[in-house]
Amino acid sequence: MAVQRPRLEDRLAKIIISHDGQVERQVALSKERVSLGRHSQNDIVLAHPTVSGRHAAIVTILDDSFLEDLHSTNGTYVNGHRVGKHFLQDKDIIRLAKVEMEFRADGVRPSAAAATAAMAALATHALADIEILNGNNAGKRMALTKPLTSLGRPGAQVVAIHRTPAAYRIEQREGALPVLLNGVALDGADTLLRHGDVIELDGTLLAFRLA
C-alpha cells in the first residue's frame, strides 16, 4: 500500500484568519516575505477600514518566522501585546486592528531564549548604506540602520526603504513620476534591494551597498 506524502502546503507555516470569531481562510506562508494590509498590492489583503494600507509583514527564514509592524496606524499585537518585531511561535494570536489570526508553525519552534538570540543575530544581519553618486554631495554615505528610512523631497519624489530581518526593500511613497531602480520604474509594490542597485530619485543617483 502506497504511503501518501503530506502536501507541501501542509508542511508550511500558515496563518488562520478570523473575523468576529469566524474563520475566514487559511494562508500558507510560501514566500520569504509576506505582506499584510488593506491595499491590493499586499500578498494577503485584509479589507477592513481599521487595517493600514501596508500594515505588517511576516518574514520566514528557514524554519523561523518573524512578524514586523510596518508603522501601522492602529498597531500590530501578539497575544495582547503591541509589537514592533516579534519571533512567532506556534499558536501565537496576531491582531491587526480588528482582524485576528493564529500563527501555526510547520514544526517545533525554538525556545524563547533561542528566539531572543536569533533576533539579536538578525538585528546585525545585512547592514547596508546608501552612497550618493552625483552632485555636490557625491561620495557621501548614509547607513540604513532604522526599520524605515525615507529619502527624497516631499512634494516631488519620496521613497521608503524598509529594513527587515532578512533584507532591505524599497517602495515609492510620493511623486507623480516613477522612481527608477536600475533604470526601471518602481511598480508601486515594495521591491527587494540587492547590492549595487542604483536608485534614481529626483535627479540624484544613489547606490545601495551591503556592508
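This passage describes the fold, the spaces, the aromatic contacts and selected residues of one protein.

The model is predicted. The protein contains two helices and 21 strands. Of its 211 residues, 41% are buried. Contacts between residues at least 6 apart in sequence were also examined. Among these, 37% join residues at least 24 apart.

The largest pocket holds about 170 Å³ of space. Four strands each supply at least two residues of its lining. They are strand 12 (128-132), strand 13 (141-143), strand 14 (148-153) and strand 21 (204-210). The lining includes Ile130, Ile132, Asn137, Lys140, Arg141 and Met142. Leu151, Gly152, Leu201, Thr204 and Leu206 also line the largest pocket. By class, six of the lining residues are nonpolar, three are polar and two are charged.

An enclosed space was also found. The search of the whole structure gives one cavity of 30 Å³ or more. About 30 Å³ of space lies in the largest cavity. Its lining is made up of Arg33, Ser35, Asn42, Arg54, Leu70, His162, Glu171 and Asp190. Four of the cavity-lining residues are charged, three are polar and one is nonpolar.

Aromatic side chains come next. A pair of aromatic rings is described by the distance of the centres and the angle of the planes. Two aromatic pairs appear in the whole structure. One of them joins Phe66 and Phe87. Their ring centres are 5.0 Å apart, and the planes meet at 80°. An angle over 60 degrees counts as edge-to-face, so the Phe66 and Phe87 pair is placed in that class. Phe66 lies in strand 6 (residues 64-69), whereas Phe87 lies in strand 9 (residues 85-87). The pair therefore ties together parts that are 21 residues apart in sequence. Both Phe66 and Phe87 are buried.

Another ring has a charged partner. The charged end of Arg95 sits over the ring of Tyr77. The distance to the ring centre is 4.5 Å.

Backbone angles single out two loop residues. Most residues other than glycine have a negative phi. Asn79 has a positive phi, near 50°. Asn79 is placed in the loop between strand 7 (76-78) and strand 8 (81-82). Its relative accessibility is 42%. Partly exposed covers values between 20% and 50%, so Asn79 counts as partly exposed. Ala97 also has a positive phi, near 55°. The loop between strand 10 (93-96) and strand 11 (99-104) holds Ala97. The relative accessible area of Ala97 is 8%. Buried means under 20%, so Ala97 is buried.

Leu180 belongs to strand 17 (residues 180-181). Its relative accessible area is 24%. That value lies between the limits of 20% and 50%, so Leu180 is partly exposed. Leu180 touches Ala185, Val198, Ile199 and Glu200, leaving aside residues up to four places away in sequence. Val198 is 18 residues from Leu180 along the chain. The C-alpha atoms of Leu180 and Val198 are separated by 8.1 Å.

Terms used. Residues are numbered from 1 along each chain as its sequence is written. This is a predicted model: local features need pLDDT of at least 70, side-chain atom pairs count only at pLDDT 80 or more; totals for chains, interfaces and linings use all residues. Side-chain values use heavy atoms; hydrogens and water are left out. On a 1 Å grid over the protein atoms alone, a cavity is a set of points where a 1.4 Å probe fits but cannot get out, and a pocket is an open set with protein on both sides within 12 Å along at least five of seven lines; lining residues have an atom within 4 Å of a point. Grid points are joined across faces, edges and corners, and a volume is the space filled by probe spheres set on the points. Ala, Val, Leu, Ile, Met, Phe, Trp, Tyr, Cys and Pro count as nonpolar, Asp, Glu, Lys and Arg as charged, and the others, Gly among them, as polar. Rings of Phe, Tyr and Trp (its six-membered ring) pair if their centres lie within 6.5 Å; planes under 30 degrees apart count as stacked, over 60 as edge-to-face and the rest as tilted. Buried means under 20% relative accessible area, exposed over 50%, partly exposed in between (1.4 Å probe, protein chains only). A charge sits over a ring if NZ of Lys or CZ of Arg is within 6 Å of the ring centre and within 35 degrees of the ring normal. Contact means heavy atoms within 4.5 Å.
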